[in-house]
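Biologist: Please show me the model, and then we can go through its inner spaces.

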Amino acid sequence: QERSYDFTIARGTIAPDGYEKDVLLINGQFPGPTIEANWGDIITVTVNNAITGPEEGTALHWHGLIQTDTPWEDGVPAVSQCPIAPGKSLTYSFKADLYGTSWYHSHYSAQYAGGLIGPMIIHGPDSAQYDIDLGPVLLTDYYHKAYYDILEEVMGTNLSLIAPKSVNNLINGKMDYNCSLVTDGTPCTNDAGLAKFQFTTGKAHRLRLINAGAEGIQKFSIDGHTMTVIANDFVPVQPYETELVTLGIGQRTDVIVQATGNPASVYWMRSSISNCSLTIQPDARAIIYYPSAPTYAKPNTTAWIDNTPQCANDPLSSTTPVYPITPTPGPATTITLTIGDTINSTGNFLWTVNSVSFRADYNAPLLLLANAGNTSYPYAPEWNVYNTGNASSVRLVVENNTPAAHPMHLHGHNMYVLDEGTGSWDGSVVNSENPQRRDVQLVQPDGYLVVQYDAVNPGVWPFHCHIAWHVSGGLYINLLELPAEIAEYHPPESSKQTCVDWAAFTNVDVVDQIDSGL
């Protein structure tokens, strides 16, 4: 079945926490509309670029989907497509090839930090029993400056501004803000309002947690209730109990919560930005109402004590996929990727992978070059392309030589997470018969991450840090997979037309690309 959506992207003004701010919106909404489908459906989304004053290109990425046979639908400008030019449209069409909870977002510069995000729910078989699906719970750090103004500081030469702090934290786009802190005259309303959820006494509730923020690691909990984790990203896991769920940027966790509270009670739902991240106000709250609780009631419940590591996901030993897959032992290709940072000759702070900071060329999408048989880029080392040829299995050994945690995201695959930790990898694999699979995994500060994937999906697949400011700073590589098969693809006419339109736009307007482009 086909599920069709029509999205118009334009500037707007919103005040989700009471502070009035200029943003980018999809159909005037923040968060953007929820995409819903059943496993195996075809999702089509027509994206109309109505961004003016000033104009910007755009492109939407459908996070976590594999895009088998449709790599040009992945939504990454300069990689799978040219950006959608101002005033132009592009219709994406792709299969709901995995099921569970995810999200979509702009992959053009740091636009998604300016509001271009929304949940994507794909219904499929249930790996655990529950009664009520409460739907997506988006957890997003929040900034009061416009995304482009923050980006100019992040990519500038004043090194005191390269690591911006969020000023608030939202649940489903809502939270209060203390307007007495506003000194620049911007309109601000106190008590803007919190997200509200209904629990039914005695029932099991599914919550779909999504970290759709720009930088902050989220620590999610519900006062007085434990949670049963049933999925990480698009992968159902053997259920395990926890009081607190850790989510790096881009990660999702589905939990089941038993409504054991008193029918007249109200509880705080909380998400706090970890002290591994950068924020002025870390604590988001929402209210859970039981059936006979008065709607004016405010909770006075107590938070769980957070004893979890601040920069790491749950131990790999506790996250076991329901459907077991054993990765190929002894991978065909191993690539060591060392994360570092540098100050370039003009004084800008950049992130690097193997000493190269990525920079995109919007006018030359790598997938379309590879489709035309061009798979070698000696004059553009900043494109950071790793050609894995016809390797059947690829292992990435990530060495993080920086004091920051990085949520590493692989497009086009669920990756096997073989090991992670601090220091250096000793060669061991956690749960080698059935390791955790997901599409984002945190690598700890001064730590390591070892992932592996089956190279069965011809395409050019990004592997990058999902912190908006870090990918803007170049913490990104491309994995060129099965190039001989890419050459046999026939991209749709819209793929070529989008590049024709973008070329026409950039012939008149020179795009001031102040960051990596992604």
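**Cavities and a tryptophan**

Biologist: What volume does the largest cavity have?
Modeller: A cavity is a set of points on a 1 Å grid over the protein atoms alone where a 1.4 Å probe fits but cannot get out. Points are joined across faces, edges and corners, and the volume is the space filled by probe spheres set on them. For the largest cavity this comes to about 140 Å³.

Biologist: Which of its lining residues are closest to the centre of the largest cavity?
Modeller: The model is predicted, with local features needing pLDDT of at least 70 and side-chain atom pairs 80 or more, while totals for chains, interfaces and linings use all residues. Residues are numbered from 1 along each chain, and side-chain values use heavy atoms, without hydrogens or water. The lining (an atom within 4 Å of a point) has 16 residues, and the closest to the centre are Phe30, Tyr112, Ala113, Asp141 and Tyr142.

Biologist: Which element gives the most to that lining?
Modeller: Strands are DSSP runs of E, at least two residues, numbered from the N terminus. Two or more lining residues come from each of β2 (21-26) and β9 (132-142). With three residues, the most is given by β9.

Biologist: How many cavities of 30 Å³ or more are there?
Modeller: The second largest has about 90 Å³. Its lining includes Asn232, Tyr240 and Arg438. The count of cavities is four.

Biologist: Is Trp62 buried or exposed?
Modeller: Trp62 lies in strand β5 (residues 60-62). Beyond four places in sequence, its contacts (heavy atoms within 4.5 Å) include Ile35, Trp103 and Met120. Because its relative accessibility is 0%, below the 20% limit (exposed is over 50%), Trp62 counts as buried.

Note on methods: 1 Å grid on protein atoms, 1.4 Å probe; cavity = no way out; pocket = protein on both sides within 12 Å on 5 of 7 lines; lining within 4 Å. Helix = DSSP H or I, 4+ residues; strand = E, 2+ residues; numbered from the N terminus. Buried < 20%, exposed > 50% of the residue type's maximum accessible area, 1.4 Å probe, protein only.
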